[in-house]
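Hi there,

Here's the structure I promised to pass on. Have a look at it first, and then read my notes below.

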Amino acid sequence: MITKAYITELKHSGNGDIAKLIKSQRDVGTINNILESLGQLPVDFESDFLYELLNHPHAQVRLNAVKNIGKLNGKSKSIKLHELYEKETDTSVRREIISSIGRQRKSENKIFLFETINDDDPKIVCQAIRALLVFEKDIDVQEHLKPLINHTNEMVRNVIYKEYFAKDNQKNGVLPHTETYDFLKNTVVNADVLEALKFVPDDSIHLTFTSPPYYNARDYSIYPSYEAYLEFLENVFKETHRVTKEGRFLIVNTSPIIIPRVSRSHSSKRYGIPFDLHPLLVKNGWEFLDDIIWLKPEASVKNRIGGFMQHRKPLGYKPNCVTEYLMVYRKQTEKLLDWNIRSYDYQTVEESKVADGYETTNVWKIDPTFDKIHSAIFPVELCKRVIKYNQCA
Ligand SMILES: C[S@@+](CC[C@H](N)C(=O)[O-])C[C@H]1O[C@@H](n2cnc3c(N)ncnc32)[C@H](O)[C@@H]1O
């Protein structure tokens with residue numbers, strides 16, 4: 001058996017022993033094992049056999065060869081990788097070629113990388129961009145990269161925007177990221193949301209957790225149509241976006257609803273509120289992060305499965321709905337999530353750390369709360385978790 005220790009020993013012997021070992025192998029699995037166990041390569045590593053493996057019929061072997069060539073850094077023969085790129089059809093190998101060339105950080109590779117930014121695979125384009133950004137100040141690099149702001153792929157556009165077009169959007173007079181206005185603290189407002197939000201300054205809110213009306217399923221709000229309802233929500237979340245600080249969170253509790261039938265000769269109607277709301281949020285600058293499922297005990301929800309239990313006819317299957325969504329978004333920003341945390345002082349971060357017993361999955365099992373006056377109040381536990389995981393205090 002070829003052990004890792006044996007491979008390490010051969011690797012350091014410096015007389016092409018690894019090449020000999022590979023050449024003596026017929027089994028593709030073993031060849032891959034050896035290539036994957038090579039780890040860091042010594043400076044005097046004899047690498048010619050790696051270039052020969054670029055013509056191997058098995059893509060995984062070519063991939064491992066390219067990966068190892070990437071470890072040769074400045075000493076690898078880029079031209080061989082360029083040649084393989086021209087004819088390679090396997091997606092993983094093609095991506096690894098660009099990544100290997102990028103790791104060399106050699107200015108002479110620029111010409112080749114300029115070619116690859118026209119690749120059809122957006123991941124390759126992104127890798128080529130990353131490799132070229134090592135020389136981001138070079139005029140020729142800028143000339144090739146800036147036009148990609150109009151690229152069809154959004155990830156490509158985002159990288160280019162961040163590198164060349166994003167201005168420091170700290171507006172004049174905006175409070176530091178960690179702070180807000182005293183008049184907004186510990187305040188309960190009983191008003192129409194769109195009226196109340198007019199009094200909230202731009203970029204002043206760190207977290208919004210809300211559960212909008214379920215269209216016309218309950219009696220506390222009535223909308224003339226579903227379209228008008230969605231338009232109302234869009235306006236509310238546009239305003240929420242305006243008042244939210246850069247990169248901070250919006251969590252919307254929603255679920256599909258059912259509007260009961262008018263009579264026995266009509267059917268009830270389901271509305272997929274979360275799925276209709278999502279595109280409106282994204283369109284208005286909210287970046288999607290997570291979907292948390294709020295799971296309720298079956299005994300606590302309306303019984304829909306009763307009819308099916310009797311007739312068992314497939315098209316009439318109507319499960320009991322035991323879940324709601326917490327749709328998690330943040331106000332779009334070029335900054336990484338970590339930037340938020342780094343804006344706070346050490347003590348605040350320490351004091352905000354989440355204690356043991358936190359949820360490890362996106363399914364949160366929480367009993368609903370029932371109330372004589374309001375038909376849809378939040379369970380306190382739900383609010384506690386949302387605040388604890390999404391807020392520095
Ligand atoms: C699904 S319930 C959510 C209640 C929430 N879970 C809670 O515990 O406060 C929707 C709430 O939105 C309120 N609402 C509806 N339209 C509103 C508006 N235009 N402005 C402010 N609140 C509104 C309703 O009165 C209702 O209390």
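The domain bounds I use here come from an automatic or database domain assignment. With that in mind, the chain is assigned a domain 1 (4–165) and a domain 2 (182–390). Taken over C-alpha atoms, the centres of domain 1 and domain 2 are separated by 45 Å. Keep in mind as you browse that this is a predicted model.

Now to the sheet. Open it up and you'll find five strands in the order β1-β2-β6-β5-β7, with mixed pairing. At the edges stand β1 and β7 (363–365), each with a single partner strand, so one side of each has no neighbour in the sheet. From one strand to the next, the twist averages 20°.

If you want one pair to practise on, take β1 (residues 205–210) and β2 (residues 244–254): these strands run parallel and are joined by five bridges. In this pair, F209 stands opposite I251 in β2, and T210 stands opposite V252 in β2. A handy bit of background while you look: side chains in a regular strand alternate between the two faces of the sheet.

What links up with β1 and β2 to make a β-α-β unit? That's helix α13 (residues 226–243), and the unit is right-handed. Helix α13 also packs on the sheet, where it touches β1, β2, β5 (286–295) and β6 (323–331). The direction of α13 makes about 150° with that of β2.

Last, the ligand. Around the ligand you'll find D192, V193, S211, P212, P213, Y214, Y220, S221, A376, I377 and F378. How does that shell divide into nonpolar, polar and charged residues? Eight are nonpolar, two are polar and one is charged.

Have fun with it, and write back with any questions!

Technical notes:
Residues are numbered from 1 along each chain as its sequence is written. This is a predicted model: local features need pLDDT of at least 70, side-chain atom pairs count only at pLDDT 80 or more; totals for chains, interfaces and linings use all residues. Two strands pair if DSSP finds at least two bridges between them. Helices (H or I, at least four residues) and strands (E, at least two) are DSSP runs, numbered from the N terminus. A crossover is right-handed if, with the strands pointing away from the viewer, the path from the first strand over the helix to the second runs clockwise. Axes are lines fitted to C-alpha atoms, for helices over the stretch in contact, and angles run from 0 to 180 degrees between N-to-C directions. Two residues are in contact if their C-beta atoms, placed from the backbone, lie within 7 Å. A residue is near a molecule or strand if its C-beta atom, placed from the backbone, lies within 6 Å of it. Ala, Val, Leu, Ile, Met, Phe, Trp, Tyr, Cys and Pro count as nonpolar, Asp, Glu, Lys and Arg as charged, and the others, Gly among them, as polar.
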